[in-house]
Amino acid sequence: MNALDNFLFGIYPYICLSVFFIGSLIRFDRDQYTWKSDSSQLLRAGQLRWGSNLFHVGVLFLFFGHSAGMLTPHFLYEPFIAAGSKQLVAMVSGGIAGLLGFAGVTILLHRRLGDERIRVNSKTSDIVLLVLLWLQLALGLATIPLSAQHLDGGMMMRLAEWAQRIVTFRSSAVELLDGASWVFKAHMFLGMSIFLIFPFTRLVHVWSGFATVGYVLRPYQVVRSRRALASGRQASAGVPGTVPHAPPKAMPAGAIAKTSGVGR
């Protein structure tokens, strides 16, 4: 492996992951007002529903699929499915999800660049992010024909082992990419670069999406209907047909002194 490969696939991943985690924490601490998805729905809702839904369904499936497929050690799933069969499942399911995500991001990119109001109100990072996601999904789809040339799962195993060695800080990870196609390498490099720019774009709202799982464990909220509140106000105002609360009875001054202990 040459020096460029050693940097891109041996050092660059740690730079991206460090910026990803530390940058997200700093932005959450210092710029919480910017921690949002910056929706452009108010400018024009057209195409947004189809584009956003297709993109999110495809990308979320790919994210969890890549995470499980790349980071799960081979010995855990070897008794249940062979490497070649796993690669075939990944090609079919990933291809379908990739097409959905690619169609969605194409619609979103066309909407953002084709509508003058949205384009003028878009940040540079919004357009750059959509272009990078479009290229990343296109490269991912381009890896499917290459994977079909070696259905034994050998290349998939090497790529997965590279990812596992990176996240576990083991050496000799770059050597596993020797002989890999430039398409695979470009797909991996662009994926790491998206993690690098993550804290500086609207992608930070993804953290909030994962945090919504906490709503399942939150305590119940006490909610009172407007009708119940209105009935309570009428009763306190003495409206006919309601039963007002009885005013407290007056007590003699001596009784008050005895109950309060004053004058003893």
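Reasoning from values in a predicted model

Biologist: Why is Phe195 called partly exposed?

Modeller: In this predicted model, Phe195 has a relative accessibility of 33%, and because the partly exposed class lies between the buried limit of under 20% and the exposed limit of over 50%, Phe195 counts as partly exposed. Phe195 is found in helix H8, residues 182-197, and is one of the residues of a nonpolar patch on the surface, which also includes Phe21, Leu60 and Trp207. Helices H1 (3-30), H2 (48-71) and H9 (205-211) each give two or more residues to that patch.

Biologist: What makes Asp5 and Lys185 a salt bridge?

Modeller: Their closest N and O atoms are 3.5 Å apart, and the rule asks for a distance within 4 Å, so the pair qualifies as a salt bridge. Asp5 lies in helix H1 and Lys185 in helix H8, so the pair ties together parts that are 180 residues apart in sequence. Both residues, Asp5 and Lys185, are buried.

Biologist: How do you know that Arg170 and Glu161 form a salt bridge, and why are Arg170 and Glu161 called partly exposed?

Modeller: The closest N and O atoms of Arg170 and Glu161 are 3.7 Å apart, which again satisfies the limit of within 4 Å. Arg170 has a relative accessible area of 40% and Glu161 has 23%; because the class runs between under 20% and over 50%, Arg170 is partly exposed, and Glu161 is partly exposed too.

Biologist: Which residues are linked in a network of salt bridges?

Modeller: Arg112, Asp126 and Arg202 are linked in this way, and within that network the side chains of Asp126 and Arg112 meet at 4.0 Å, N to O.

Definitions and conventions
Residues are numbered from 1 along each chain as its sequence is written. This is a predicted model: local features need pLDDT of at least 70, side-chain atom pairs count only at pLDDT 80 or more; totals for chains, interfaces and linings use all residues. Side-chain values use heavy atoms; hydrogens and water are left out. Patches are made of residues with over 30% relative accessible area and no salt bridge: like charges are joined within 9 Å, nonpolar side chains (Val, Leu, Ile, Met, Phe, Trp, Tyr) within 5 Å. Accessible areas come from the Shrake-Rupley method with a 1.4 Å probe; for residues, only the protein chains shown count as cover. Helices (H or I, at least four residues) and strands (E, at least two) are DSSP runs, numbered from the N terminus. Buried means under 20% relative accessible area, exposed over 50%, partly exposed in between (1.4 Å probe, protein chains only).
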